[in-house]
Amino acid sequence: MAVATGLYGISFGALAVVAGLTVAQTAVLSLLLFTGGSQFALIGVVAAGGSPVAAVATSTLLGARNMLYGAVVSPLLSLRGWRRAAAAHLTIDESTAVAVGQRTPAAVRAGFWTAGVGVFVLWNAFTLAGALAGDALGDPRAWGLDAAAGAAFLALVWPRLAERRAQVVAGLAVVVTLALVPVAPAGVPVLAAAAVAVVAGAVAPAAPRRTTSEDDR
Amino acid sequence: MTTTMLWITVLLASLASFGLKLAGHLIPEHWLATQRVQRTSTLVTVALLVSLVVVQTFADGALVVVDARVPALAVAAVALALRAPFIVVVVLAAAAAAGLRALGWG
């Protein structure tokens, strides 16, 4: 997990700078937003020329699953005050997955904090390294970095495409996005695809219960 | 976006992210533990990521174009099907696009 987080952080740092963020903005994003998928989404909308509203909305929607994770781990950790706030900040795919995988309350707490703090330190260190490297590269297109962004999103969604329902929504998202890119402001096609998913989730018949989703970094 | 607008974007998104995480810790678990909420959350994540793949690969401003990014995405898909790690997928895609452009296409 440590190696994966480090390399993922380097990719994010380099692509954020290519998208037009400064090195400082990239570092602050990893410190304060601290959710890989949402951070990639934000720079994706910025790179496409989207508005601040579209960038914040896309990033926030993609981070909504962290709220579900919080509801799962909060009763397991039973914290108060600043510790609860710190735990909330560290509530991401990895820390949740490790915490819910433990058998005893002590192991849950140890797993959550170890994974959360570990990923936080590595993610921020490697984001900075990637941002500095991206800053030094020059023309991003000559290095194929614009294509790397699409590949990064594909890698993030790949493990989530196993279910039939997810595949149908993925197909709808492709159609909606391609249809809207020529006519809607940048950033709007992505939000429209999310709206289609909300409708699909509301009307689709029930399926076997799933717990937390797969690792995203 | 200007640097100031980017800072506002970065800080607002960070605030929203923390707000969601904290809300998850503060509200009763059973409010969010319904199957419909879980399912919708999973599907929204899929739709957003797939849409971002499409935008990053086919959009050039308001134009839909086919250039070196498309074969690069195909290379990434093959790498993922072969269970390559994240960084290998990203680097192979970048190398494919860079290689095609060095040859004068896309």
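The following exercises, each with a worked solution, concern a predicted model with chains A and B.

**Exercise 1. Confidence in the two chains**

Determine the average pLDDT of chain A and of chain B, and identify which elements have the lowest and highest mean values in chain A and in chain B.

Solution. Step 1: chain A averages a pLDDT of 89, and 93% of its residues score at least 70. For chain B the average is 92, with 100% of the residues scoring at least 70.

Step 2: among the elements of chain A, the lowest mean pLDDT, 84, belongs to helix 1 (residues 2-19), and the highest, 97, to helix 2 (residues 23-33). Among those of chain B, helix 2 (residues 29-32) has the lowest mean, 76, while helix 4 (residues 69-81) has the highest, 97.

Step 3: over residues 209-217 of chain A, pLDDT stays under 50. The model has 33 contacts beyond four places in sequence for this segment.

**Exercise 2. The largest pocket**

State the volume of the largest pocket, and describe which elements and which residue classes form its lining.

Solution. Step 1: the volume of the largest pocket is about 590 Å³. Its lining comprises 31 residues, of which A:Ala47, A:Ala48, B:Gln56, B:Ala59 and B:Arg69 are the closest to the centre.

Step 2: both chains supply elements that give two or more residues to this lining. From chain A these are helix 1, helix 3 (36-47), helix 9 (145-157) and helix 11 (188-203); from chain B they are helix 3 (35-58) and strand 1 (59-60).

Step 3: by class, the lining of the largest pocket divides into 21 nonpolar, 5 polar and 5 charged residues.

**Exercise 3. An enclosed space**

Establish how many cavities of 30 Å³ or more the structure holds, and characterise the lining of the second largest cavity.

Solution. Step 1: there are 2 cavities of 30 Å³ or more, and the second largest cavity contains about 30 Å³ of space.

Step 2: its lining consists of A:Leu33, A:Ser38, A:Ser59, A:Thr60 and A:Gly63, together with B:Ala13, B:Ser17 and B:Leu20. Two or more of the lining residues come from each of helix 4 (52-62) of chain A and helix 1 (3-26) of chain B. Helix 1 of chain B provides the largest share, 3 residues.

Step 3: the lining of the second largest cavity has 3 nonpolar residues, 5 polar residues and no charged ones.

**Exercise 4. Helix 5 of chain B**

Compare the length of helix 5 of chain B with its expected span, and list its buried residues.

Solution. Step 1: helix 5 (residues 86-102) has 17 residues. From first C-alpha to last, helix 5 of chain B reaches 24 Å, close to the 24 Å expected at 1.5 Å a residue.

Step 2: with buried taken as under 20% relative accessible area, the buried residues of this helix are B:Phe86, B:Val89, B:Val90, B:Ala93, B:Ala94, B:Ala96, B:Ala97, B:Ala98 and B:Arg101.

Step 3: B:Gly104 follows helix 5 of chain B and has a positive phi, near 95°.

**Exercise 5. Positive phi outside glycine**

Locate A:Ser78 and B:Arg83, and decide whether each is buried or exposed.

Solution. Step 1: A:Ser78, a residue other than glycine, has a positive phi near 40°. A:Ser78 lies in the loop between helix 5 (64-77) and helix 6 (81-89) of chain A. Its relative accessible area is 56%, so A:Ser78 is exposed.

Step 2: B:Arg83, also other than glycine, has a positive phi near 65°. B:Arg83 lies in the loop between helix 4 and helix 5 of chain B. Its relative accessibility is 76%, and B:Arg83 therefore counts as exposed.

Definitions and conventions: Residues numbered from 1 in each chain as written. Chains lettered and ligands numbered in written order. Predicted model: local features only at pLDDT ≥ 70, side-chain atom pairs only at ≥ 80, totals over all residues. Heavy atoms only, no water. pLDDT = per-residue confidence, 0-100. Helix = DSSP H or I, 4+ residues; strand = E, 2+ residues; numbered from the N terminus. 1 Å grid on protein atoms, 1.4 Å probe; cavity = no way out; pocket = protein on both sides within 12 Å on 5 of 7 lines; lining within 4 Å. Points joined across faces, edges and corners; volume = space filled by probe spheres on them. Nonpolar A, V, L, I, M, F, W, Y, C, P; charged D, E, K, R; others polar. Contact = heavy atoms within 4.5 Å. Expected span 1.5 Å × (residues − 1). Buried < 20%, exposed > 50% of the residue type's maximum accessible area, 1.4 Å probe, protein only.
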